[in-house]
Amino acid sequence: MARQATKLDTKKVNAELFTLTYGALVTRLLKDYENIDDVNKQLERMGYNIGVRLIEDFLARTNSGRCVDFRDTSEKIQQAFRTYLSVFPQITNWSTANDEFSLIFETNPLTEFVELPDHCLNLKYNNILPGVLRGACEMVQMEVTSWFVQDQLKGDNVTELRIKFVKKLEDAIPVGED
């Protein structure tokens, strides 16, 4: 009797594997560090290192050129979330100076199987994402800050990630190479 092959949705399997792996990473950090603030810093630092490397892959995949303004940057950030996490955040809440906006996530794959215990209420579970954004933007000569305004893990209806343009970074010339 021949065995019938079942068709797996590889994107869903990959997303679930990533979600579970990320949860294990956060759990390990909570065991390794005594202070939740240290865990938050470590998650942001790890995200920064990922962003520094991820931007090259994103630019190669999308064949994107330089951003013409911060609105263009917001659209590319939105595209990156679609590409790497299969989520479709909404771009909203632009500041009047057009230097700050929010990404609204109806669902967040990082938190799909997560429930924070009472002793971890100060944990910024998703803090890897602001780090990724900071690292990736620095590699394209843009300094940004980002932080979570709302978080579904903390009882909010949506997850809101705020991103603010700080300044354009000048290309650094290595010392001795004028």
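**Strand 2 and the four-stranded sheet**

In strand 4, Thr 159 is the residue that stands opposite Phe 105 of strand 2. The model in which this pairing is found is a predicted one, and the description below begins with the sheet to which the two strands belong.

The sheet is open and has 4 strands in the order 1-2-4-3, paired in the antiparallel sense. Strand 1 and strand 3 form its edges, each of them pairing on one side only. On average, and with direction ignored, neighbouring strands are turned by 25° against each other. Strand 1, which covers residues 90-92, is joined to strand 2 by 3 bridges in an antiparallel arrangement, and within this pair Thr 92 has Ser 102 as its bridge partner. On the other side of the order, strand 2 and strand 4 (residues 159-168) run antiparallel and are connected by 6 bridges. The antiparallel pairing of strand 3 with strand 4 extends over 8 bridges, among them one in which Trp 147 is partnered by Arg 162 of strand 4.

Two helices are placed against these strands. Helix 3 packs on the sheet and touches strand 1, strand 2, strand 3 and strand 4, its direction making about 20° with that of strand 2. Helix 4, in turn, lies across strand 3 and strand 4 and runs at about 165° to strand 3.

Strand 2, comprising residues 100-105, is mostly covered, with 6 of its 6 residues buried. In a regular strand, side chains alternate between the two faces of the sheet. In strand 2, Glu 100, Ser 102 and Ile 104 point one way, whereas Phe 101, Leu 103 and Phe 105 point the other way, and all of these residues are buried.

The largest nonpolar core contains 28 residues, and those with the most contacts inside it are Phe 81, Leu 103, Leu 123 and Ile 163. Two or more residues are contributed to this core by each of helix 1 (10-32), helix 2 (36-62), helix 3 (70-85), strand 2, helix 4 (128-139), strand 3 (142-150) and strand 4. In soluble globular proteins, nonpolar side chains tend to be buried together.

The surroundings of Ile 163 were examined with its neighbours within four places in sequence left aside. On this basis, Ile 163 is in contact with Asp 99, Glu 100, Phe 101 and Leu 103, and its further contacts include Phe 70, Ile 77 and Leu 133. Val 144, Thr 145 and Ser 146 are likewise in contact with Ile 163.

Methods:
Residues are numbered from 1 along each chain as its sequence is written. This is a predicted model: local features need pLDDT of at least 70, side-chain atom pairs count only at pLDDT 80 or more; totals for chains, interfaces and linings use all residues. Side-chain values use heavy atoms; hydrogens and water are left out. Buried means under 20% relative accessible area, exposed over 50%, partly exposed in between (1.4 Å probe, protein chains only). Two strands pair if DSSP finds at least two bridges between them. A nonpolar core is a set of buried Ala, Val, Leu, Ile, Met, Phe, Trp, Tyr and Cys residues joined through side-chain atoms within 4.5 Å. Contact means heavy atoms within 4.5 Å. Axes are lines fitted to C-alpha atoms, for helices over the stretch in contact, and angles run from 0 to 180 degrees between N-to-C directions.
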